[in-house]
Amino acid sequence: DPHLAQPNAILEKVFISITKYPDEKRLEGLSKQLDCDVRKIQRWFRHRRNQDKPPTLTKFCESMWRFTFYLCVFCYGIRFLWSSPWFWDTRQCWHSYPYQPLTRELYYYYIMELAFYWSLMFSQFIDIKRKDFLIMFVHHLATIGLITFSYINNMVRVGTLVLCLHDASDFLLEAAKLANYAKYQRLCDTLFVIFSAVFMVTRLGIYPFWILNTTLFESWEMIGPYPSWWLFNGLLLILQVLHVIWSYLIARIAFKALIRGKVSKDDRSDVESSSEEEDETTCKKTLSGSSSSNGANWVNGHMGRSYWAGE
C-alpha cells in the first residue's frame, strides 16, 4: 500500500520517542543519517501519522451514535414543545418567573441533554481528534454551563427552546457524515447542503431574533435584570459568536460543493494528504461541537458541534 509507511527502525524511534512532527533541522539530520531525500522522510512521517488515525468504521460508529441521539432528542423536544405555550409565545417564558412548575417531561428533556453534553466533554479527549478541538471545548463548556445554570435558576422554558433549536440541524450533519463514510457522495452532498441551509436559518436567523430577543429584551421588560441575568445572556452571546464562526466555515464548504458538484475536504479533517495525493472528499460538522453542538455541536451551538465531520 503506497499510503503505508515502510518499516524503518530509526524513523520509528524518532516518531515514538521524540516527535511525530519533526522540524526542518531534524529532517535534515535524518536525511544525512539515512542518506535519503528530505521530501521522502516528510512523506514517511505523514503516512506514519495517518496509520494511527482511526479506521472509517470507527468514525462511522461515532457518527451513528450521535445521529441517533440528535434525531431522537429532537423529535422528543418538538413533541414536548408543540403543546407548550412558550413555544408559540416566548413571553410565556417569563410569566410567573421564577415560580414555574417543573414538569416530568421537561425534567427528562433537560437531564438527557445535560448527560449527553457531559459525555461529549469527556469523550472529546479520546474520540477522533479534530482541528476545532478548542472551539468545541469552549462550546461544550458554554452548553453545560447554560443547561446547569438555567436549571438552577428555573429558566428551563427558554432553555428548552435553545436546546431544540440547536438539535434541529445536528442530526443532518451526522447523516451527511454517515453517507460520506459509506461512499454515497451524492447523498452526502445533498444532506450537507440541506444541513447548511438549516444551520444558517436556525443559528443566524431564529436564534438571535427569537431566542436572544426574548432573553435580552422581553425578560428585561417583564422581570428586569438581576446578577445571574447577565451571566445567562453572556453565555448565550458566546454561543452566537461560535455560530458565526461555524457559519463561515460551513458556507465556504457548501459554496465549493455547489461550484464543484461535490463537498470539498473538511478543514478539520483528521487525515493528512500530500500535494501528490488526491484530496479525500469528506463532509463537514461543526461544530460540535460539535459539537455540537448546540451547538452548539453547536458546534450544540454545539458547538457542535461544529461540527463537524464534525462537531
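Take residues 230-255: the C-alpha atoms at the two ends lie 37 Å apart, and the span is 100% helix and 0% strand. Helices here are DSSP runs of H or I with at least four residues, strands are E runs of at least two, and both are numbered from the N terminus. Keep in mind that this is a predicted model, where local features need pLDDT of at least 70, side-chain atom pairs count only at pLDDT 80 or more, and totals for chains, interfaces and linings use all residues. Residues are numbered from 1 along each chain as its sequence is written, and side-chain values use heavy atoms, with hydrogens and water left out.

Why pick that stretch? An unreviewed UniProt entry lists it as "transmembrane region", along with 67-87, 107-126, 133-152 and 191-210. UniProt positions follow the numbering used here, feature names are shortened, and annotations may be inferred rather than shown by experiment. Here are two of the spans side by side:

| Span | End-to-end C-alpha distance | Helix | Strand |
|---|---|---|---|
| Residues 191-210 | 26 Å | 100% | 0% |
| Residues 230-255 | 37 Å | 100% | 0% |

Zooming out, the chain has 10 helices and two strands, and the two strands come after the helices in sequence. Of its 311 residues, 52% count as buried, meaning under 20% relative accessible area (over 50% is exposed, in between is partly exposed; 1.4 Å probe, protein chains only).

Now for the inside. A nonpolar core is a set of buried Ala, Val, Leu, Ile, Met, Phe, Trp, Tyr and Cys residues joined through side-chain atoms within 4.5 Å. The largest one holds 59 residues, and Phe192 and Tyr207 touch the most other members. Helix α8 gives the largest share, 14 residues. There's also a second, separate core of eight residues, including Val14 and Phe45.

What about the aromatic rings? Rings of Phe, Tyr and Trp (its six-membered ring) pair if their centres lie within 6.5 Å; planes under 30 degrees apart are stacked, over 60 edge-to-face, and the rest tilted. That rule gives 25 aromatic pairs. One of them is tilted: phenylalanine 195 and phenylalanine 199, at 5.6 Å centre to centre with 55° between the planes. These two are about one helical turn apart, because they sit four residues apart in helix α9. Both are buried.

Phenylalanine 122, in helix α6, is exposed instead, with a relative accessible area of 56%.
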